[in-house]
Amino acid sequence: MLIVMRHGATEEQIKNVAEFIENKGFAAHVSNGELHTVIGAVGGKVIDPRDIELLDGVKEVIKISSSYKLCSRMFQPNDTVLEVNGIKFGGEHAGVIAGPCTIESMEQMEAVASKLSSYGVKILRGGAFKPRTSPYAFQGLGEEGLKIIRKVADKYSMAVTSEVMEISQIPLFEKYVDIFQVGARNMQNFNLLKELGHVQKPVMIKRGLSATIEEWLMSAEYVMSGGNREVILCERGIRTFERATRNTLDLCAIPVVKKLSHLPIIIDPSHGTGLRDKVAPMSKAAVAAGTDGLMIEVHDCPECALCDGAQSLYPEQFNELYKTLKLIAPIIGKEIR
Ligand code: PEP
Ligand code: MN
């Protein structure tokens, strides 16, 4: 249920309404829009909307049939714009995140970060705990990897994103990352999402391999209902009958999500296609379609990579693409950085 307050409703009136619904067992989430303050009433039992409509300062009560509320456009009409290390995601801004699939060594991270930083990239990616399909594949360097990426990122004044796989890792990640990445395979790890609702940093939720957009938004809702409003959605390709690419990159998710939600949506063309030569065309298409950002795998020596070398760009190749994206973005009224 969404309670739209009248234009000019006082703080006192907003507080009273919030208290009223809290007493009925709902959690009240207040969103201050340009014209109206909206109070999202989440949880609770059935209530007669007229009881709320009668309260001072209330304009209208909207019953929402969709299961997600806090991430919906109805709750917050304006785009959420998140900023990490000076890079903005959402609204008229698109941000770029780049780096290798996996943190392999200090030398490898140094080699790639020094180049990315010289191109102007401000957010470095790299997995320390890897969700591999095979238990025999390289599982990541663990905490050692997080130490490496943090050290290298600090040297080049970059922010860090890395995938957190379970609740027990959250305190560790708090020390090293700026964005918590939830992997596709963990999109519906509801206990993890609930805990990430209490962290004070942005959470990037990758779309599950076979998740519908509604299920994906429900995952964002889990984090937001815990109190963390800083959620970024990342489309990384879904599983279809097509075998020519590793996954089918659903670029249509951009306009669909933008209509349903105010949250920023970014595209991962690396996992989305699985093939290096498909990364540039899909990145350009994503920017043209209005993406709020891109996360691209880049490796200094893709043929030596321990994981996902075939979909990783060479640094110089990335730089060429980055320059092109900066030319495309303004045509649709966005700035990409
Ligand atoms: C990743 O980005 O490192 C990753 C493992 O991607 P996904 O969870 O989308 O498979
Ligand atoms: Mn990867």
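This is a short tour of a predicted model, moving from a ligand to two loop residues.

**Stop one: the ligand**

Begin by selecting ligand 1, and notice that the space it takes is the largest pocket. If you then show the residues that surround ligand 1, you will find R125, K130, E163, Q181, G183, A184, R185, K206, R236, H271 and M295. Colouring this shell by class is a useful exercise, for it holds six charged residues, three polar ones and two nonpolar ones.

Next, look at individual atoms, taking the side chains before the backbone. An oxygen atom of ligand 1 lies 2.8 Å from an N or O atom in the side chain of K206, and an oxygen atom of the ligand is 3.0 Å from an N or O atom in the side chain of Q181. At A184, by contrast, you should display the backbone, where a polar atom is 2.8 Å from an oxygen atom of ligand 1. Taken alone, ligand 1 would expose 290 Å², and the protein buries 96% of that area.

**Stop two: L209**

Now select L209, which sits in the loop that runs between β11 (203-206) and α7 (213-225). Leaving out residues up to four places away in sequence, L209 touches A184, R185, R236, I238 and R239, and among the residues surrounding ligand 1 are A184, R185 and R236. For a view across the model, add E110, whose C-alpha atom is separated by 31 Å from that of L209, the two residues being 99 residues apart along the chain.

**Stop three: D308**

Finally, select D308, in the loop between β14 (293-297) and α11 (315-328). Which side chains does D308 join through a polar contact of 3.1 Å? One is the side chain of H271, a residue that also belongs to the surroundings of ligand 1, and another is the side chain of Q311, again at 3.1 Å. Setting aside neighbours within four places in sequence, D308 is in contact with C101, R246, H271 and E297, so show these four residues together to complete the picture.

Definitions and conventions:
Residues numbered from 1 in each chain as written. Chains lettered and ligands numbered in written order. Predicted model: local features only at pLDDT ≥ 70, side-chain atom pairs only at ≥ 80, totals over all residues. Heavy atoms only, no water. Near = heavy atom within 4 Å. Polar contact = N/O pair within 3.5 Å; in protein donor to acceptor, adjacent residues only side chain to side chain. Areas by Shrake-Rupley, 256 points an atom, 1.4 Å probe, with all protein chains shown as cover. 1 Å grid on protein atoms, 1.4 Å probe; cavity = no way out; pocket = protein on both sides within 12 Å on 5 of 7 lines; lining within 4 Å. Sits in = over half its atoms within 2 Å of the grid points. Nonpolar A, V, L, I, M, F, W, Y, C, P; charged D, E, K, R; others polar. Helix = DSSP H or I, 4+ residues; strand = E, 2+ residues; numbered from the N terminus. Contact = heavy atoms within 4.5 Å.
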